[in-house]
Amino acid sequence: MEKRPEQYYRFATHVMQIQTEGESEEEVILEGISAFRKFLRSIGVPSTLKQMDIWEKDLPAIQEDVIKISFNAEGVLQCNPPVTVEDILEILKLAK
């Protein structure tokens with residue numbers, strides 16, 4: 001959420017249809033995230049690694065597989081915003 005909050009805001013308002021009146025940008029974003037998690041639960045989709053029986057000890061191997069499959073020669077995952085090798089482990093830790 002810290003990077004590119006405008007995209008989270010747009011997702012919250014356009015996809016999750018969160019009302020913005022009287023709400024700060026951060027409140028709208030957090031409500032959108034909460035609504036999306038609730039939606040995932042309602043259709044039985046896991047939203048954490050733990051729910052898929054993936055643990056902290058598994059993260060380095062997953063990180064290595066992502067690097068092998070998805071990273072370019074410069075060591076960057078080409079997405080927007082670009083993701084570094086270090087970012088992958090941080091993202092996985094947030095998904096616990």
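**Two helices, a nonpolar patch and two salt bridges**

In this predicted model, helices α1, spanning residues 5-15, and α2, spanning residues 25-42, each supply at least two residues of a nonpolar patch. The patch lies on the surface, covers about 490 Å², and is made by Phe11, Val15, Phe36, Phe39, Ile43 and Val45. Of these residues, Phe11 has its place in helix α1, and because its relative accessibility is 30%, Phe11 counts as partly exposed.

Helix α2 can be followed from end to end in the structure: α2 has 18 residues and reaches 26 Å from its first C-alpha to its last, which is close to the 26 Å expected at 1.5 Å a residue. Seen down the axis of α2, the buried residues fall within an arc of 110 degrees, and therefore they line one face of the helix. These buried residues are Val28, Ile29, Gly32 and Leu40, and what covers them includes helix α1. On the face of α2 that is turned away from this buried side, the reader will find the exposed residues Lys38, Arg41 and Ser42. Just after α2 comes Gly44, which takes a positive phi of about 75 degrees.

The charged side chains give a second way to read the model. Side chains of opposite charge can pair when their charged atoms come close, and the structure holds 2 salt bridges. In one of them, the side chains of Lys96 and Glu56 meet at 2.7 Å, taken from N to O. Because Lys96 lies in the segment after α4 (85-94), whereas Glu56 lies in the loop between α2 and α3 (59-70), this pair ties together parts that are 40 residues apart in sequence. As for their surroundings, Lys96 counts as partly exposed because its relative accessibility is 46%, and Glu56, at 39% relative accessibility, likewise counts as partly exposed.

The other salt bridge joins the side chains of Lys57 and Asp58, which meet at 3.1 Å from N to O. Here the partners fall into separate classes of accessibility: Lys57, with a relative accessibility of 68%, counts as exposed, since the cut-off for that class is over 50%, whereas Asp58, at 24% relative accessibility, counts as partly exposed.

How values were computed:
Residues numbered from 1 in each chain as written. Predicted model: local features only at pLDDT ≥ 70, side-chain atom pairs only at ≥ 80, totals over all residues. Heavy atoms only, no water. Patch = residues over 30% accessible without salt bridge, like charges linked within 9 Å, V, L, I, M, F, W, Y side chains within 5 Å. Areas by Shrake-Rupley, 256 points an atom, 1.4 Å probe, with all protein chains shown as cover. Salt bridge = Lys/Arg side-chain N within 4 Å of Asp/Glu carboxyl O. Helix = DSSP H or I, 4+ residues; strand = E, 2+ residues; numbered from the N terminus. Buried < 20%, exposed > 50% of the residue type's maximum accessible area, 1.4 Å probe, protein only. Expected span 1.5 Å × (residues − 1). Arc of directions from axis to C-beta. Contact = heavy atoms within 4.5 Å.
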